[in-house]
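These are my notebook entries on a structure that I had not examined before. I set down what I looked up, topic by topic.

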Amino acid sequence: MKYEIIQKDLNKIKADASVTFVINKNLNHKWIDKKLFKNLNFNDKSAVLINENLQIFVACKSIEDEELRLASAKAYSLLKTTKAKSVKIGSYLGKCKFLSMKAIVEGFELGSYTYDRYKKNKDTSALKIVKISTQSYNEKQIELKDLQEAIDTGLAMSNSTNYAKDIVNTPPQDFTPLQMEKEAKKLAKLKNVSCKVFDEEFLKKEKMEAFLAVNRASVFPPRLVHLTYKPKNPKKTIIFVGKGLTYDSGGLSLKPSSSMTTMKADKSGAAAVLGIIKGASELNLPFEIHGIIGATENMIGGNAYKPDDVLIARNKTSIEVQNTDAEGRLVLCDCLDYAQDFKPDLLIDMATLTGACVVALGEYTNGILGINEELQQDFFQISKKSGELTTPLYSNRYLDETIKSEIADICNISNTRYGGAITAGVFLSHFIRDEYKNKWLHLDIAGPAFVERAWGYNQYGASGAGVRLNLHYLLHLAKAK
Ligand code: BES
Ligand code: ZN
Ligand code: ZN
């Protein structure tokens, strides 16, 4: 969709359709056409399309960003039922209240996402242009360039999220670790982005035995992708590490059939890393950002790694394998160790790591784990406005003990069935060097990464979890210092 700013009053702009956001507390405002709203039976949850003139009224709880995203996605779904090619919206609410155009753009773009690559009949919409009236913008001294920046930021956020969705939604036969390599190399065409991709030989040379073990029974070789976004005079070095399991069958500890479907989404951490690099470049963020991805399948076969194997990771920690379905942490531990060689000021890994996280938090919420509770809290507070839901999860001395092994340094699963999201985080913490312990966060995105029943503005399929969350945090860091 194209967004045009027009310096005219809303009623002077020509468009096929119009959208009016009705903020709930303004339902009785003097400019509300009471008779019309009564006839429409309009209430604080309504979204109404008037067929004669393609006027849309959509109720909005408040002018908070997330309420606007939800409302504009609703408006979009009504527009989609019409043949309107253009729509106009006002940006002014009266009494100095300006709607966040960033949030409205995000609602439109995220709400209009479809994945129809494999469908004969494509899901197309006539809508091409959104015309935004400045109305009282000039008079109220709001700069046009701020409005343009809000639109551009909204577009960067949603385009990179939708890009991650495409990757996750692609079926495993078409999105292999080799495709991950291709996708990453395409990103290297963006401004300030470069990409290196490493193969099995490199992993052997680096002694990444844990990562290699997971890959062994796959017919596709593994790939370690290392993307770098480097603007001039970067303020900090921030590293993202992503779990890129292009398929997780569980390995010899095979998943039951019903849990195996959706496991194409086990590459969601990697997809988020790719989305963040794309977004960082589009937003011109002032940081050096690395994106490191461990891409492989977890399959079965005569050469598969086994429960009872002991693996020596890159950092020399020995790991007793008790369950080959706890493979994500084995790939991540070697990637995290590699990542720390690049001296991050902040190190964040993202993974669809545990079903336990979904049980604990529900399917809508990402878990924020780590060692530095203050950093977890900080990330949580700031993430609230991103549109993604998060909750910090903290470990304790008792849970820390549950991954002890009789014959190796640690086990790849814990000795209790409870607290699995946290004990997976504890496992990863064994690979974080002392100097980075306070700079590390682990995001378990297993719940929101794949949407089985549509919610909010998320359709069935991938949600692009992790992308907006982190871009929002980075934008905050960029403004803070
Ligand atoms: N990829 C899964 C986790 C997962 C489950 C993601 C459901 C999304 C939805 C991960 O590799 C896994 O299988 N974890 C096991 C760990 C267990 C063996 C300790 C799990 O969660 O059951
Ligand atoms: Zn698994
Ligand atoms: Zn997995």
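How much space lies in the second largest cavity? I found about 40 Å³ there. I note at the outset that this is a predicted model.

**Entry 1: cavities**

I looked up the walls of the second largest cavity. Its lining includes A164, V168, S268, A271 and A272, and also I445, A449 and A462. Two helices, α4 (144-169) and α9 (268-282), each supply at least two residues of this lining. The largest share, three residues, comes from α9. By class I recorded eight nonpolar, three polar and no charged residues.

I then turned to the count, which comes to two cavities of 30 Å³ or more. The largest cavity holds about 90 Å³ of space. Among the residues that line the largest cavity are Y364, E388, W455, Y457, N458 and R468. Its lining divides into six nonpolar, four polar and two charged residues. I noted S463, G464 and A465 in the lining of the largest cavity, and I found these three again in the lining of the second largest cavity.

**Entry 2: the largest pocket**

I looked up the open space next. The largest pocket contains about 1000 Å³ and is lined by 44 residues. Nearest its centre lie K255, L353, T354, G355 and A356. Among the elements that each supply at least two lining residues are strand β9 (237-248) and the helices α8 (257-260), α10 (328-340) and α11 (355-361). The most comes from α11, with five residues. I recorded 19 nonpolar, 15 polar and 10 charged residues in this lining.

I examined α10 separately. This helix has 13 residues and reaches 18 Å from its first C-alpha to its last, close to the 18 Å expected at 1.5 Å a residue. Since 13 of its 13 residues are buried, α10 is largely enclosed by the rest of the structure.

**Entry 3: the zinc ion (ligand 3)**

Which residues coordinate the zinc ion (ligand 3)? I found K243 (NZ), D248 (OD), D266 (OD) and E327 (OE), at 2.0 to 2.4 Å. Along the chain these donors follow the spacing K-x4-D-x17-D-x60-E. The site has six donor atoms with angles of 76 to 173° among them, and it is octahedral. For comparison I noted that ideal angles for six octahedral donors are 90 or 180 degrees.

I checked the accessibility of two donors. K243 is buried, with a relative accessible area of 2%, and D248 is buried with a relative accessible area of 2%.

**Entry 4: the zinc ion (ligand 2)**

I looked up the protein donors of the zinc ion (ligand 2) and found D248 (OD), D325 (O), D325 (OD) and E327 (OE), lying 2.0 to 2.2 Å from the ion. D325 is partly exposed, at 23% relative accessibility.

Why is the arrangement around the zinc ion (ligand 2) irregular? The six donor atoms subtend angles of 71 to 167°, and an octahedral site would need all angles other than those between opposite donors to lie between 65 and 115 degrees, with opposite donors over 155 degrees apart. The arrangement therefore counts as irregular.

The donor residues are spaced D-x76-D-x1-E in sequence. D248 lies in strand β9 and D325 in the loop between β12 (318-320) and α10, so the pair ties together parts that are 77 residues apart in sequence.

I closed with the link between the two sites. D248 bridges the zinc ion (ligand 3) and the zinc ion (ligand 2), which lie 3.2 Å apart.

Definitions and conventions. Residues numbered from 1 in each chain as written. Chains lettered and ligands numbered in written order. Predicted model: local features only at pLDDT ≥ 70, side-chain atom pairs only at ≥ 80, totals over all residues. Heavy atoms only, no water. Donors = N, O, S within 2.8 Å, 3.2 Å for Na, K, Ca; no water. Tetrahedral: all angles 85-135°; square planar, octahedral: opposite > 155°, others 65-115°. Buried < 20%, exposed > 50% of the residue type's maximum accessible area, 1.4 Å probe, protein only. 1 Å grid on protein atoms, 1.4 Å probe; cavity = no way out; pocket = protein on both sides within 12 Å on 5 of 7 lines; lining within 4 Å. Points joined across faces, edges and corners; volume = space filled by probe spheres on them. Helix = DSSP H or I, 4+ residues; strand = E, 2+ residues; numbered from the N terminus. Nonpolar A, V, L, I, M, F, W, Y, C, P; charged D, E, K, R; others polar. Expected span 1.5 Å × (residues − 1).
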